[in-house]
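Here is a short guided report for someone meeting this structure for the first time. Please keep the sequence and the 3D view open while reading.

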Amino acid sequence: MSVTAAGRGRLTDLPVLLVAVVWGSSYLAAKGVTTAQTVLAVLVLRFAVVLPVLVVAGWRRLRALSAAQVRGAGLLGLILAGIFLLETYGVVHTSATNAGLIISLTMVFTPLAESRVRGTRLPRSFMAAAGLSVLGVALLTQGAGFTAPSGGDLLMLGAAVARTVHVLAMSRMKSVRDADALSLTTVQLGSAVVVFAALSTLPGTGASPWAAAAAFGAWDWLGLLYLSVFCTLFAFFVQMWAVRRTSPSRVSLLLGTEPVWAAAVGIALAGDRPGWLGLVGAVLVLVGTGWGRAVADRRRDGDAARTSPPPADTSPIPEPAARPGG
């Protein structure tokens, strides 16, 4: 690689790495702006800011979607709504550090589920990495002594499972495989907002979006705009830009540093104190998920090399365009 090419690669990597930092900080941001009584209201408000921009930016391609693609994207949006609900309720009831690290188990769960669906076996090294990650989560949630995991920890674990379902559904649904990434994201988020808005009208589900908006102070609005503008719009467009200038695998690898930043932000800014057991658990989660991702990527690259040429650099990466933010 020439010096010029190396320089271009670093310039591409920096914005992607910034997205990983933003996503890592999103758990703390969501925790700061959301309470158990305002989860649905915050989700409606957050995406009410985002959706008009996405619609305007991709209007022509959005209109070009077929009915089957719209239905497929709508179904994916229902799964995405479940992810947002689990993560947002989860982060309200656990620490930002725990939230960011537990959700990273998606990187292990997805290859496990994919191998199960395809009827193939994963290498022993991957199973060892998965076991290391699970042990790490167990220690992380027991940093203050061995007790039952909190409800928030269990919700985040459920969100990791739901993310796995979303990734598998997105990769296996024929109707959305050739859909434009921006249009697919817009329809998914639109479907999710419909779910949030409908749930917010039910009794006992907390404040309405309008009541929550009226009660917000300046810092609440800043937190909401941070989640909307940086954790959603900025993140999506950087991914779209970067994946066309480098490889999906490189982008995915950089985004995989998200749990590191989640832990760093939680400990440095939120004052999370996981204790010695928790710190050991956090390290095991990071090592296990990173090792597991590397093993899975090598296996996938090997399979692709044996069966067909590698995908073009314009292929979308199988990651949500926006992190639910805890």
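The report below goes from the overall fold to the salt bridges, two helices, a surface patch and one buried residue.

## Overall picture

The model is predicted. The protein has 14 helices and zero strands. Read along the sequence, the pattern is therefore α-α-α-α-α-α-α-α-α-α-α-α-α-α. There are 326 residues in the protein, and buried residues make up 50% of them. The accessible surface comes to about 15,300 Å². Carbon and sulfur atoms account for 68% of that surface.

Contacts reach far along the chain. Take the contacts between residues at least 6 apart in sequence: 92% of these join residues at least 24 apart.

## Three salt bridges

The structure holds three salt bridges. The table lists each pair with the distance between N and O atoms.

| Pair | N to O distance |
|---|---|
| Arg61 and Asp180 | 3.4 Å |
| Glu87 and Arg163 | 2.8 Å |
| Arg118 and Glu114 | 3.1 Å |

Begin with Arg61 and Asp180, whose closest N and O atoms are 3.4 Å apart. Arg61 lies in helix H3 (residues 59-63). Asp180 lies in the loop between helix H8 (151-172) and helix H9 (181-200). The two residues are 119 apart in sequence, so the salt bridge ties together distant parts of the chain. Arg61 counts as partly exposed, at 40% relative accessibility.

Next come Glu87 and Arg163, whose side chains meet at 2.8 Å, N to O. This pair also links distant parts of the chain, with the two positions 76 residues apart. Glu87 is in helix H4 (residues 67-92), and Arg163 is in helix H8. Are these two residues buried or exposed? Glu87 has 0% relative accessibility, so it counts as buried. Arg163 has 5% and counts as buried too.

The pair Arg118 and Glu114 has its side chains meeting at 3.1 Å, N to O. Both residues sit in helix H6 (residues 106-118). They are four residues apart, so about one helical turn separates them. Arg118 is exposed, with a relative accessible area of 55%. Glu114 is partly exposed, at 23%.

## Helix H6

H6 has 13 residues, which should span 18 Å at 1.5 Å a residue. Its end C-alpha atoms are 18 Å apart, which agrees. Which residues of H6 are buried? They are Thr106, Met107, Val108, Phe109, Thr110, Pro111 and Ser115. Gly119 follows the helix, and its phi is positive, near 70°.

## Helix H9

H9 has 20 residues. It reaches 28 Å from its first C-alpha to its last, close to the 28 Å expected. Of its 20 residues, 14 are buried, so H9 is largely enclosed by the rest of the structure.

What caps the N-terminal end of H9? Asp180 does: one of its side-chain oxygens lies 3.3 Å from the backbone nitrogen of Leu182. Asp180 is also the salt-bridge partner of Arg61.

Leu184 is found in H9. At 9% relative accessibility, Leu184 counts as buried, because the cut-off is under 20%. Leaving aside neighbours within four places in sequence, Leu184 is in contact with Ala73, Leu76, Met170 and Val176. Gly74 is 110 residues away from Leu184 along the chain, yet their C-alpha atoms are separated by 8.7 Å.

## A nonpolar surface patch

Now turn to the surface. Val49, Leu225, Val229 and Phe230 make a nonpolar patch of about 290 Å². Helix H11 (residues 218-243) gives the largest share of the patch, three residues. Leu225 is found in H11. At 39% relative accessibility, Leu225 counts as partly exposed.

## Asn98 in helix H5

The last stop is a polar residue's surroundings. Asn98 is in helix H5 (residues 96-103). At 10% relative accessibility, Asn98 counts as buried. Which residues does Asn98 touch, not counting those up to four places away in sequence? They are Leu140, Thr141 and Asp153.

Terms used
Residues numbered from 1 in each chain as written. Predicted model: local features only at pLDDT ≥ 70, side-chain atom pairs only at ≥ 80, totals over all residues. Heavy atoms only, no water. Buried < 20%, exposed > 50% of the residue type's maximum accessible area, 1.4 Å probe, protein only. Contact = heavy atoms within 4.5 Å. Salt bridge = Lys/Arg side-chain N within 4 Å of Asp/Glu carboxyl O. Expected span 1.5 Å × (residues − 1). Polar contact = N/O pair within 3.5 Å; in protein donor to acceptor, adjacent residues only side chain to side chain. Areas by Shrake-Rupley, 256 points an atom, 1.4 Å probe, with all protein chains shown as cover. Patch = residues over 30% accessible without salt bridge, like charges linked within 9 Å, V, L, I, M, F, W, Y side chains within 5 Å.
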